[in-house]
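Student: I've got a model open and I want to check the words people use for it against the numbers. Can we go through it together?
Tutor: Sure, let's have a look.

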Amino acid sequence: MDDFNLEKLAKEIVVERFKGISDAPAGAGLVARQIISKAVSGTQARQDPRHSVAAVCRGLMKGMLILEMDLPRTAVAILGQMDAVAQATNQDPAELMTWALEGIAPVAALAGRPTRDAVEEAVEAGFMGAGSVFARSCETAGD
């Protein structure tokens, strides 16, 4: 449930800004920090922060999928911004990571098993223990 259409906004920003940009995954991570920080602060009275975070991450990943960019690097770049988001929004960093993974998982799964596996490996390599959280999120992505 994305009452504020954050998923669409994030996807459109990525498609518009990062087409043909070589380091788009890093840029997507920075955009994640900006949008999520503002979204959580601005919408939490009407929308659960979990939904805002997942929607933004899903939109970012969809945009990167459309542009045929590196989804594993994008996932790691997004997750790498969650500490900064936690500080800006007074949220638990572990919860933010879980919510971000919930948004990343359905797009990685949609991209196919090899991409899903590559995202899981990259997430685990960058954030020990997060690979299993990602795998669980992929299993429940359709629920």
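**Checking the labels**

Tutor: Start with the contacts: of those in the protein with a separation of 6 or more, 69% are between residues 24 or more positions apart. Keep in mind that this is a predicted model.

Student: OK. How many helices and strands are there in the protein?
Tutor: Eight helices and zero strands. Read from the N terminus, the order is α-α-α-α-α-α-α-α.

Student: What makes the protein as compact as a globular protein of that length?
Tutor: Set its radius of gyration, 13 Å, against the globule rule, which gives 15 Å for 143 residues. The two values are close, so the protein counts as compact as a globular protein of that length. For the outline, the C-alpha trace spans about 40 × 30 × 25 Å along the principal axes.

Student: How much of the protein is buried?
Tutor: 49% of the 143 residues count as buried. The accessible surface is about 7,100 Å², and carbon and sulfur atoms hold 50% of that.

Student: And the charges: how many positive and negative side chains does the protein have?
Tutor: 14 positive and 19 negative, with the centres of the two sets 6 Å apart.

Student: Let's zoom in. Why is Ser52 called buried?
Tutor: Buried means under 20% relative accessible area. Ser52 has 1% relative accessibility, so the label applies. Ser52 sits in helix α3, residues 49-66.

Student: What does Ser52 touch, leaving out residues up to four places away in sequence?
Tutor: Leu6, Ala39, Thr43 and Gln47.

Student: Now helix α4. What makes α4 mostly covered?
Tutor: Count its residues: α4 runs over 71-79, and seven of its nine residues are buried. The buried ones are Leu71, Pro72, Thr74, Ala75, Ala77, Ile78 and Leu79.

Student: Which elements cover the buried residues of α4?
Tutor: The cover includes α2 (24-43), α3, α5 (82-89), α6 (93-110) and α7 (113-126).

Student: Where does the side chain of Asp70 reach at the start of α4?
Tutor: One of its side-chain oxygens comes to within 3.0 Å of the backbone nitrogen of Arg73. The cut-off for a polar contact is 3.5 Å, and this pair falls inside that distance.

Student: Pick one residue of α4. How do you know that Ala75 is buried?
Tutor: Ala75 lies in α4, and its relative accessible area is 0%. That is under the 20% cut-off, so Ala75 counts as buried.

Student: Which residues does Ala75 touch, again leaving out those up to four places away in sequence?
Tutor: Met61, Ile104, Val119 and Val123. There's also a C-alpha distance to check: Ala75 and Gly103 are 28 residues apart along the chain, and their C-alpha atoms are separated by 9.9 Å.

Student: On to the loops. Why is Glu68 called exposed?
Tutor: Exposed means over 50%. Glu68 has a relative accessible area of 72%, so the word fits. Glu68 is found in the loop between α3 and α4. Its phi is positive, about 60 degrees, although Glu68 is not a glycine.

Student: And is Asn90 buried or exposed?
Tutor: Exposed: its relative accessibility is 72%, against a cut-off of over 50%. Asn90 belongs to the loop between α5 and α6. Phi of Asn90 is near 60 degrees, a positive value in a residue other than glycine.

Terms used
Residues are numbered from 1 along each chain as its sequence is written. This is a predicted model: local features need pLDDT of at least 70, side-chain atom pairs count only at pLDDT 80 or more; totals for chains, interfaces and linings use all residues. Side-chain values use heavy atoms; hydrogens and water are left out. Helices (H or I, at least four residues) and strands (E, at least two) are DSSP runs, numbered from the N terminus. Buried means under 20% relative accessible area, exposed over 50%, partly exposed in between (1.4 Å probe, protein chains only). Contact means heavy atoms within 4.5 Å. A polar contact is a pair of N or O atoms within 3.5 Å; within protein, one must be able to donate a hydrogen and the other to accept it, and residues adjacent in sequence count only if both atoms are side-chain atoms. The radius of gyration is taken over C-alpha atoms; the globule rule is 2.2 Å times the number of residues to the power 0.38. Accessible areas come from the Shrake-Rupley method with a 1.4 Å probe; for residues, only the protein chains shown count as cover. Lys and Arg count as positive and Asp and Glu as negative; His and the chain ends are not counted. The place of a charge is taken as NZ of Lys, CZ of Arg, CG of Asp or CD of Glu.
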